[in-house]
Amino acid sequence: MSSEQAILSIPRDTENHKGIWVFAEVSHGKLQTTAYELLHVGGGLAKELNEPLSVVLMGHNITSLGQDLIDHGADKVYVMDHEKLGQFVDELYANVIVELIIKEKPNKFLLPASTLGRSFGSRVAVLANTGITADATELSINKEKGNLLNAIRPSFGGTLMATILCIRGHRPEMATIRPMAFPQAQKQSGRKGEIVTVPVDPSKYKQRERHLRFEADEKNEIDIQQASTIISGGYGLGGPEGFDPIRKLAKTLGAAVGASRKAVDAGWIPYRHQVGLTGRTVRPKLYIAVGISGQIQHLAGMNSSETIVAINQDPEAPMMKLATFSVEGDLFQLLPAIQTELEKIGYKPTAN
Amino acid sequence: MHILTCIKQTPATDNVQIDPETGTLKREGMAAAINPFDEYAIEEAVRIKERVGGDSSVSALTMGPPQAENALRDAISKGCDRAFHVCGREFAGADTWATSYTLFKAIEKIAKEVSPIDLVICGKQTNDGDTGHIGPGVAAWLDWPNVAYVKKVEDVKSIGTGKGGTVVVHRMMEDGTDVLEMDLPAVIAVVKEINEPRVPSLKGKMAAKKAEIPKWDAAALGAVSECIGLKGSPTIVAKSFRPPMKTGGVKIQGTTPQEKAKNLVAKLRESNII
C-alpha cells in the first residue's frame, strides 16, 4: 500500500474518539513548562467535556516525570521511553505517536507550538489523516457544533485572528499551542492517576533521520520564546555596543534579549534573537522595546505582549504610540538609570 | 541531483482584507510577491545545485491563482531551471492538509515527467498563514524524512539524481542547534539565517521571460477530489476578525533620566508587572 493509500484508509470516526491528549515536551531530559500550560488548558476542556486528560511523554529515562504530570492534572500518562527517543527525530517521533493515536483514539490532541511541536505536528496530522491548527492562542468548546474545538490563532503576523474548526469528522482534532499563551496548571501533590508504559520498538519503522549532535548556545542566555520578560534593541542602539546596557538590564530583570530585524541585519546580534515577521513571534508578560521604531514587521512578532514599554528618542515612533508605558529620552542615559533604580529597590526577578 | 522548492505567492502588504463569505483572505487587488521565507528556500536550492554540480537542477512549484505564475518567473530569474504551476478553482480554500496533498501529487508528477527528486526545500512558513505545516506535511505524504527550522546545510552527498545519498543539516532549537543527518530523498524547511538571497541575473531574467510554465489542474495531477480545496480540507476558517489594536498608554513623565526611570519602575511595580 502506498503512503497515500495508507493515510486515506484511516477512517473518520467521531463516535469512538474520547479524551484530551497533551504532549509533554522533554528537552535534554528536562520537562518543558509548556507541558503544564497544556495541562491547564487541556484540563479545562476535559472538564467541560467530562472526558479524561492524558499526557503523551516521550524521551529517554523519563518515566520518573510521570507522577509530576499526574500531580499537575493528568489522569493518565502514556510513557514512551527509549534510547532512540532521547533526541527529537521527526520521523521516529511522528511514527510512534501516530501508532498510539490510531490505537487509543483520542478526541483532541494539543502540542506545544515550540520548534519541536511545530516541526512534527503536521507530519503527525497528515499521517493520522486529521486536521491541525497552528499556534493557537485561545481554545474553547463549540457547543453548537457537537463539541468541536474552537482553535483561535493569529495569522498574517497577528494582524488577523481566525477561529479554526475541524468540521469534517477527522479525529483527533489537533492544535499546536503558543508557549506562554496559558497559565501553568497548579500542582496538587499525591493526585491519583495511571501511568501506562507503551512499548517502543524503533526497528518497526523506517529510520532515515539520525541525530548526530547537539550544540548548546552560550550559557545563561534565556530564549526569547520561553521568557516572561523580553528586552529588545533596535537600530536606535547605534551599534553592537548598544546591547551592553540591554544585556545588563536583562540580567537584573531575568529577561531574554530580543532584537529588531535591522539590528540583526546589521550584524549586531545573532538571528535567533530577532522578533518579528521574519524572526520569531513572542508573547511575554512584559516587552521592553528600546530604540525600536515599531515597523509592522516587528509589531507582528510582539504586539500581543501583555505589557509593552517603549524607550525611544522619537515620541512619534509607532512603538511609542502603541506602548502601555512610553519613555522619551536617550537610551544610554535611561537604561543605566533604570538599572540603578532596580538595584536601589533590591529588585529580584521571580522564576521565569 | 534534482532539487525542488515549494513556494507561495503571498500578499506583500499588511493591509489585510477578509472575504466575509469564506472568512479567508481576499487576495484580489493585493500587491503580491514570493513569500519572504521562500526566497531563502530558492537560494538554498540553487546553492546546493551549484555545490553538487553535474546534471543538478532546480524545479520550482507553486499552487495558486493564475497571477501566482509571476512568483514562478521570479524564481526562475533567481536560478531555478524550470517551474510548475498547480492552478484551478478546485484548489481554492485548501488548508495545510489539502495543500500538502496537492503539492505531493504535483511532486510525484514532476518526478515522473522530469526526473526523480532528491530534496524538497520549503520556507519555514508563509507570512500570511504562519503555520509552517507544509514542509513536514509534504514529507508525510511522500513518506520521506524531514527536518524543519534548518539554518545550515552542512553537507550534501548525492550519488546521482534519484539514486540517494545523505544530507546533514543544522536545526535551530530554542536552546541551541541540533545536527541531523537524513537519507535522500528528504524534505527540509529553512529559516532566514541560512543564506542571503541573490538578486536576479540578466541571464536569469531572460530565462524567466521565455520559460514555458505548465499549468496543472486536479485532473492533470490525478488528485482525489475529496482531498483538495476547501471541500477536501479537514479544517476550515470558521471566522476571521481583527484583534483589538492596542491604543496608546501612559507617557512616563520626568525632567531627568533618573526621574523617568524612577517613575517607570514605580508604575511597573504598581501594576504588578515586575
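**View 1. Strand β5 of chain A and its parallel neighbours in the predicted model.** Strand β4 (residues 53-59) of chain A runs parallel to β5(A), and six bridges join the two strands, with A:Y78 of β5(A) serving as the bridge partner of A:V56. Between these two strands the chain passes through helix α3 (residues 66-71) of chain A, and the resulting β-α-β crossover is right-handed. β5(A) is also joined by four bridges to strand β12 (residues 194-197) of chain A, again in the parallel sense, and here A:K76 stands opposite A:E194 of β12(A). Because five of the six residues of strand β5 (residues 76-81) of chain A are buried, this strand is largely enclosed by the rest of the structure.

**View 2. The two assigned domains of chain A.** The domain assignment divides chain A into domain 1 (3-204) and domain 2 (224-344), whose C-alpha centres lie 33 Å apart. Eight residues of domain 1 of chain A and nine residues of domain 2 of chain A take part in the contact between them; on the side of domain 1 that touches domain 2, the residues comprise four nonpolar, three polar and one charged.

**View 3. The contact between chain A and chain B.** Chain A contributes 77 residues and chain B 65 residues to this contact. Among the elements of chain B that each supply at least two residues of the side touching chain A are α3 (96-113), β7 (146-158), β9 (176-183) and α7 (257-270), and the residues of that side divide into 30 nonpolar, 16 polar and 19 charged.

**View 4. Strand pairing between the chains.** Strand β13 (residues 209-216) of chain A pairs with β9(B) in the antiparallel sense over seven bridges, and within β9(B) the bridge partner of A:E209 is B:M182.

Terms used: Residues numbered from 1 in each chain as written. Chains lettered and ligands numbered in written order. Predicted model: local features only at pLDDT ≥ 70, side-chain atom pairs only at ≥ 80, totals over all residues. Contact = placed C-beta atoms within 7 Å. Nonpolar A, V, L, I, M, F, W, Y, C, P; charged D, E, K, R; others polar. Pairing = 2+ DSSP bridges. Domains from an automatic or database assignment. Buried ≥ 20, exposed ≤ 12 C-beta atoms within 10 Å, placed from the backbone. Right-handed = clockwise from strand over helix to strand, strands pointing away.
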